[in-house]
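Hi,

Here is the structure I promised to send over. Have a look at it first, and my notes are underneath.

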2 protein chains.
Amino acid sequence: MRWFPAADWLKSYSRSTFTADLIAALIVTIMLIPQSLAYAMLAGVPPEVGLYASVLPLVAYALFGTSRTLSVGPVAVISLMTASAVGKAVNETGASYHEAAILLAFLSAVILLGMGLCRFGFLANFLSHPVVSGFISASGIIIALSQLKHLLGISARGDTLIDLVDSLVVNLDQANVFTLGVGVFALVFLVWCRTYLPASLVRLGCHKDLASTLTKTAPVVAIAATIGLAYGFDLADKGVAIVGAVPSGLPTITLPSFDLRLIDELWSAALLISIIGYVESISVGRTLGAKRRQRVNPDQELIGLGAANFASALSSGFPVTGGFSRSVVNFDAGAQTPAASIMTAMGIALAALFLTPVLFYLPKATLAATIIVAVMSLVDLGLLKRAWNYSKRDGLALAGTIAVTLIAGVEAGVVTGVSLSIFLHLYHTSKPHVAIVGEVPGTQHFRNINRHHVITEPTICSIRVDESLYFPNAAYLEDVVYAQVAKNAELKHVILMCSAINVIDLSALEALEMINDRLGELGIGLHLSEVKGPVMDALERSHLLEGLNGQVYLSQHEAFVQLQPQKAPH
Amino acid sequence: MRWFPAADWLKSYSRSTFTADLIAALIVTIMLIPQSLAYAMLAGVPPEVGLYASVLPLVAYALFGTSRTLSVGPVAVISLMTASAVGKAVNETGASYHEAAILLAFLSAVILLGMGLCRFGFLANFLSHPVVSGFISASGIIIALSQLKHLLGISARGDTLIDLVDSLVVNLDQANVFTLGVGVFALVFLVWCRTYLPASLVRLGCHKDLASTLTKTAPVVAIAATIGLAYGFDLADKGVAIVGAVPSGLPTITLPSFDLRLIDELWSAALLISIIGYVESISVGRTLGAKRRQRVNPDQELIGLGAANFASALSSGFPVTGGFSRSVVNFDAGAQTPAASIMTAMGIALAALFLTPVLFYLPKATLAATIIVAVMSLVDLGLLKRAWNYSKRDGLALAGTIAVTLIAGVEAGVVTGVSLSIFLHLYHTSKPHVAIVGEVPGTQHFRNINRHHVITEPTICSIRVDESLYFPNAAYLEDVVYAQVAKNAELKHVILMCSAINVIDLSALEALEMINDRLGELGIGLHLSEVKGPVMDALERSHLLEGLNGQVYLSQHEAFVQLQPQKAPH
């Protein structure tokens, strides 16, 4: 069903599926409670808001999304972008921080739903893998740095590498040793769990899957332990920042307050958050879907995420999307349908109702350690070398995205990354690879004379341009052909082998007409071979073929045979 | 010589070349005097500034440019863009209008020289033919409309179609009948000369070339006649706006005044003016060069135009570039070398010294008529239909450029045009044409099964993707392959025929690895054929080929033959 994909899985829902979903929901709930609190802190909103954003949005996505196992809620990169956007907008307008975050979720919902209705899902494809990966790596570094202040117990602010490091260094003398102690304890514990715990548990006879699942509960253990420490040793009195009173209960459903100035400040950030969130979410959805032969529908995913953000805005939450780590846990724990997410939402709702008093003594340093460990696994600087080795363009796009994100912030980073990858591609196509080709002996196949041992003929020049002919390379094409003509005085025929030409646009058509005229004046024929169907259809609507001083051949072989001078009889 | 191309033609300069250049210079000078005054009026600077901008810039381009016959100076579109940019900047900063125009020329010189030194000439290729043509047509309409106020003798202002029409209609009641009389007289005369005079002169026994040249002097005749009318009937007293006192003499050479706030306001306009001016100029240079087998060097042209604008700024002028009509006149009049431009510059300098008193009674309506007739020949709305018929994308880019230029002004028009043409191309490549191919009987050539009668084999699916594989279509590729696999239960081999694949980027490489894994699980081989040299070089630096569950074949024919099931013996 186009508008209500949940109908697909609801009609075949069985008791065994329910059991599998319930187990997954329990595991995910335990993992999500600390994560929701931590990402709320990262986004700059009160901790309970993290829980709010993990209730209704999950239900909304479960009903309108197409991935069976994607888990939607607060995620690291989107929380960072929220903090950056809301921070700026609040400075400009003096609005309340939490109100602005809610409005941001609402704007994001409007954008996502609008894009979904317009079927703009294809836009996500314009974020190349290096750009997304570079952006996430650089964001991870910024997020980790932004959390160091909580680990040190100092105040620091900034959206960029330089600002953050600068403000950390300036305030370093205010560091609190107890805070640092708690933070380092949590950090070391979490890193140890992530690195060594699974193997240790397996050695103790634990099943591999169970070991992996138990490891995921490490943040809850860290939280429980540091709550105990903070309570037992009265660390709050020693200067350790704690979460403090978190209101119990669930949010009332209200519309955000619409402030036009605030909307004006937030909408461009909302657009970027929507696109980045969508790309992150659909990448996860596709990856998990591929493992179980389930497909996600790009346009309906926009609707699903739009509904989730709408639900988040109505329940006083902040922007949400499908997250990698939470979805993987959901998938690995055996979730079969989105019902698992609905049950997870119930679990979080129960936590919001009854668990919040326990969180009073939770040190913020513990949450910071949770975030740091989570985001450092997103940082993949090794890709820089792999991408550069594979292709300089991919390497440059990746390096540019990382550098600009670190130096100028997340928004500039994405925009630069997308522009750079598009520009590098267009630049490459503006000076395309051109091969002069000859026939591979014993075949009818034509290859580059510089790479293969091939048969050529001095009166014929066969040029294969390895690119569609369009405006960025229209002038270059002329240069290429004239250079060949100038090199060879015996030339009688130029054959343009069009096997790699997928489009000839109007600018290139004019260039071809000019080449045709020029070659005509020199008494040289211009022939085309292997013109593809769609290109031929377009050419037939132009005047090029009427005036062509040459022929169009089905294959390069046919052209080469027909245009060879008659062998003189002995 | 790289930095001083004038050395090329200077060393072989002869008496006969001199004579030819001198005649051309005389004709061009007569044509340029009214044109320079008119475009100064269009740009909003005093009339003598138009003459200044037609002296030193011509000499500078003659020494540093590479086209033999290009004529550089004030041109219509650049004058309009100058008026629009300077108008805004003056409103914002309260600077003097003329000072701002000089600074704009200086900034444009810096940008052009900088681009030339960085060899950024290729950037011009990103303005497709439809975008340039649409921009010039729409600018022509706006210019013509902006001159109607001079024809009517009313005040009106605006940079867009709606503003102009609106302000013309509001002030229509102030129209002056004498002004209108002079304007309509000049307009009808000029249109008549352009349309009927050459044929009439030929019928009277005049040679065709001479008739064409005489026609070009029509604006001078119109100017002389209306000066006579204005003087004889004392039209200035009857409310006809006249040029008035024009200072005689040549400008002193001075640096522009550098006002940082003004620079901040002007630099983005200067960038656009530089690029548009460059594109217009190089198009003209290339067209004329092609007729005489002379080549222009794109990077050196940036230096030449930069030098011309630098010279314009130093002599109190405004932005200049190579113009179409003036260059064509120069070419047709027989100019052989840039010496013709140097002599033209001398002619204009003499006019600035001695001719200005004569211009006192020149009605502004005559200049407006000159401009209207000149720009209307630039408007080519017929291209809209031709472009749309040839390709929807070219048609859309053209229509978008025209619409936005008319509605939102010249700067928005260019930016929209370039973005739109790039976006439409990328969108097209994001869902590329895909053909399932089979062998054309009796050949080794493979074509689309839907267009040709070809041989196929049920266990083999040969897919030809007609596009480079890169990030916008990486996800689409997966869909295409999986759809073929789903359709055919007998399938044993998928051959990706790579003849149209000019690049495989990192995003597409990941998609191919995913496809390879997925087909491997299904027991289907993934083979590549006709992989081009540069693509193969890149793939060899990746891990795809190691893990490929199939082969790479030189030709599609070879792949098809080798992968066919052995025919069972009878």
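**How the two chains sit together**

Turning by 180° with a shift of 0.0 Å along the axis lays chain B on chain A, with an RMSD of 0.1 Å. That is how copies around a two-fold axis are related. Bear in mind that this is a predicted model. In chain B, the residue that comes closest to the rotation axis is Ala500(B), with its C-alpha at 1.9 Å. As for the interface, 100% of the chain B residues in it are also interface residues in chain A, so the copies meet through the same surface.

**Chain A as a whole**

Chain A has 24 helices and eight strands, and its C-alpha atoms fill a box of roughly 110 × 60 × 60 Å along the principal axes. Of its 570 residues, 54% are buried. If you take the contacts in chain A between residues at least 6 apart in sequence, 81% join residues at least 24 apart.

**One helix to look at: α9 in chain B**

Helix α9 of chain B covers residues 177–203. Its 27 residues should span 39 Å at 1.5 Å a residue, and the end C-alpha atoms are 36 Å apart, which agrees. There is a kink, though: about 55° at Tyr196(B), shortly before the proline Pro198(B).

Pro198(B) is itself buried, and other buried residues of α9(B) include Val182(B), Ala186(B), Phe189(B) and Cys193(B). Which helices cover the buried residues of α9(B)? Among them are α7, α10, α11 and α16 of chain B. After α9(B) comes Gly205(B), with a positive phi near 100°.

Cheers

Conventions
Residues numbered from 1 in each chain as written. Chains lettered and ligands numbered in written order. Predicted model: local features only at pLDDT ≥ 70, side-chain atom pairs only at ≥ 80, totals over all residues. Least-squares fit on C-alpha atoms with pLDDT ≥ 70 in both. Contact = placed C-beta atoms within 7 Å. Helix = DSSP H or I, 4+ residues; strand = E, 2+ residues; numbered from the N terminus. Buried ≥ 20, exposed ≤ 12 C-beta atoms within 10 Å, placed from the backbone. Expected span 1.5 Å × (residues − 1). Bend = angle between axes of the 7 residues up to and from the residue.
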